[in-house]
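Please look over the model below before reading on. My notes concern one sheet and one ligand.

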Amino acid sequence: MSSNYERLIPARIAFNERGIPVSPLYGDAYHPGWGAREQALKVFLHGNGLPQRWRGRRVFTVCETGFGLGNNFLALWQAWRDDAQRPQRLHVVSFEAHPLERRDLRRLLASSDASMAALAQQLIQAWPPLLPGLHRLEFEGGRVTLTLAFGAAGRLSKQLDAQVDAYFLDGFAPRVNPEMWTPSLFGQLVRMANRDATAATWCCAGAMRRALQDAGFLVSKRPGHGGKREMTVAVLRPGLGRAAAARPAGASVLVVGGGLAGAGAAQALSLRGHEVTVVDPVFEQGLGASHRGHIAAALSPVISSDDDIRARLSRAGVARALHRWQGLPEAGRPWRCGTLEVARGAEALSRRKALDALGFPAEWVRWLDASEVRERTGLCIAAGGLWFADGQRAQPQALLESLLSLPGISCRTGSVARLAGGDGGVWRALDAAGRELARAEHVVLANAHGAAPLLNAVARAPRLPKLAGLYRMAGEVGYFQGGEGRHARAVLAGDGYWLPPVEGICVAGSTYDMDADRSEVSPAGREAVARKASALLGLRPDELGDRPHALAGWAGWRAAVADRLPVIGPLDGVPGLWLACAYGSRGLSWSALAGDIIAARINGEPVPLERELLRKIAPR
Ligand SMILES: Cc1cc2nc3c(=O)[nH]c(=O)nc-3n(C[C@H](O)[C@H](O)[C@H](O)COP(=O)(O)OP(=O)(O)OC[C@H]3O[C@@H](n4cnc5c(N)ncnc54)[C@H](O)[C@@H]3O)c2cc1C
Ligand SMILES: C[S@@+](CC[C@H](N)C(=O)[O-])C[C@H]1O[C@@H](n2cnc3c(N)ncnc32)[C@H](O)[C@@H]1O
């Protein structure tokens, strides 16, 4: 287990003699007896000059150090709703080392103020599984976001990429919980602070005030509430903090490439009001043409015993895909059918050990024995495995068509040969004949293997070793009739995969050919996928059923770099140029996540992925 991994321990709630929720672990109350909402308004909102301070701002970001029952968040959200002069977007980031189970949150918020009951319901509905790391929730059509950082604030604050205007300091009292009031944590808060950022807390311990002062805040006292003599307010010392970027809404964006990478970026950007143009030569054959004939593909999280980078990224990616794509029209919406990662013999033992060590919630991943496998998947495969409830079967062509038809996205047929400009704030995309295909303030290179040569032609672009090693790999999937006892109700994964049928046809995947100069469906490839799928199902290859029609499968390319992680992020030193490529064999996992990372960074929102992971996937 890596030293970084910290198992999440959910909150246990008790009640004190006044019926106020308390934490037996810390021996302190979640809020004072005189009212959670009252404290939220008087201490945290008014202490930070809200709602007045957000007026005239397009985006305003609040960071809270202990999410607890969410009372402060709900009061803040309600205040935003009630204010005619509210900012267009309110972002809230909140740390929580011991999140509540959803049922406890429901129980505790049941007595919410009538005005907040509807908001509480939405929060409960959106409450994520208790997995370590960041979880992005969205309300009000994305105009209010909540980024929950599940884990210790001291550690996770270093992982947050955000630009914060106001802090709610609400850990348990320093006497019982010193970790929430350390100079190191306050240092991270200053790192994220915008110019003139403020902070407020009911706490008035001298050591806490000194630490806040030393970190870079000017600290003062205010009369307290509910019988407390004093509370603390603070404002960032002049000269510190970033200028809150006066970003104009809806900068234009050109996306080069209309595959899964381009479509994911286009969706995330269009949702934030950008004018998006996607350019790809395949559009001549339709919006989903880069996956024409690809009947179905799998979207599944993975785990590793040390919760490694790939596992954390895949968790974030699958969660983003679920969030972004479950609202699409039915034709394009992936089916959340669940994934069984089949494990036999020694592999089963080691997977179960990993599961025990990680302590992830069973609603997200759990072990199924052979009889439960039959119930879940409809197949009798004489094996157990890991069950991921969020596993999905997508139909890539239909998904692309749905995404690329969203309002705000226009698609143009063309092949970008060169990018010009950029220095004056506008990029121009030119074809091989020098004709202008599109112009925009930002460009996202989402053209897989083609990203490296295009980048090489940009005068100011640095030469990136990671990208210099971008390579492509051919591969194919095979189609089978399946038949009685072969039609799965869930994705089966292992060395290869077997998918629930689409109109009676089952997809088996897949092959990897590093040396190919063509990518095509072949008898040898079909044999290889049949071998993999039959091993998963515990059958002979000839038992998978016939080839259903003339189309025996689908073949394509995967672009990848040496570490097999995607390459996502801005290009250092070239403002307005972004990369979203090298998706390897997991394009569905990276598509929505990359879109939200890029769109969040363009818009100065909290980024929904840890900085450590952002660094791993950064163009270098
Ligand atoms: C056989 C096989 C099975 C797979 N199964 C799965 C699966 O089950 N689950 C999963 O998640 N992933 C799967 N993948 C991987 C997945 O298909 C890729 O990760 C994904 O397609 C990558 O998307 P992309 O948009 O980066 O690249 P592409 O799909 O290659 O799209 C890039 C686009 O850019 C365009 N382009 C290139 N150059 C230019 C230019 N100069 N100007 C304009 N446009 C340009 C191209 O025309 C293309 O449409 C599979 C891959 C293969 C080969
Ligand atoms: C006073 S309660 C917060 C109440 C909350 N703001 C609300 O509106 O309901 C303090 C919270 O901090 C959390 N906490 C304690 N130590 C922490 C740490 N080191 N990192 C993150 N959260 C922590 C506790 O689990 C608890 O939920």
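The points below cover conventions, the sheet, its helices and the ligand shell.

1. This is a predicted model: local features need pLDDT of at least 70, side-chain atom pairs count only at pLDDT 80 or more, and totals for chains, interfaces and linings use all residues. Residues are numbered from 1 along each chain as its sequence is written, while chains are lettered from A and ligands numbered from 1 in the order written.

2. Eight strands make an open, mixed sheet, ordered β16-β17-β15-β25-β26-β27-β24-β28. Strands are DSSP E runs of at least two residues and helices H or I runs of at least four, numbered from the N terminus; pairing takes at least two DSSP bridges. At the edges sit β16 (365–368) and β28 (553–560), each paired on one side only.

3. β24 (residues 471–480) and β28 run antiparallel, joined by eight bridges. Glu 476 stands opposite Ala 555 in β28.

4. Helix α11 (residues 370–377) packs on the sheet, touching β15, β16, β17 and β25. Its direction makes about 45° with that of β17. Helix α15 (residues 523–537) runs at about 75° to β26. Contact means C-beta atoms, placed from the backbone, within 7 Å; angles run from 0 to 180 degrees between N-to-C directions of lines fitted to C-alpha atoms, for helices over the stretch in contact.

5. Which residues come nearest to ligand 1? They are Gly 257, Gly 259, Gly 450, Gly 587 and Leu 588, out of 38 around the ligand (C-beta, placed from the backbone, within 6 Å). Elements giving two or more residues to this shell include β24, β28 and α16 (587–602).

Note on methods
Two residues are in contact if their C-beta atoms, placed from the backbone, lie within 7 Å.
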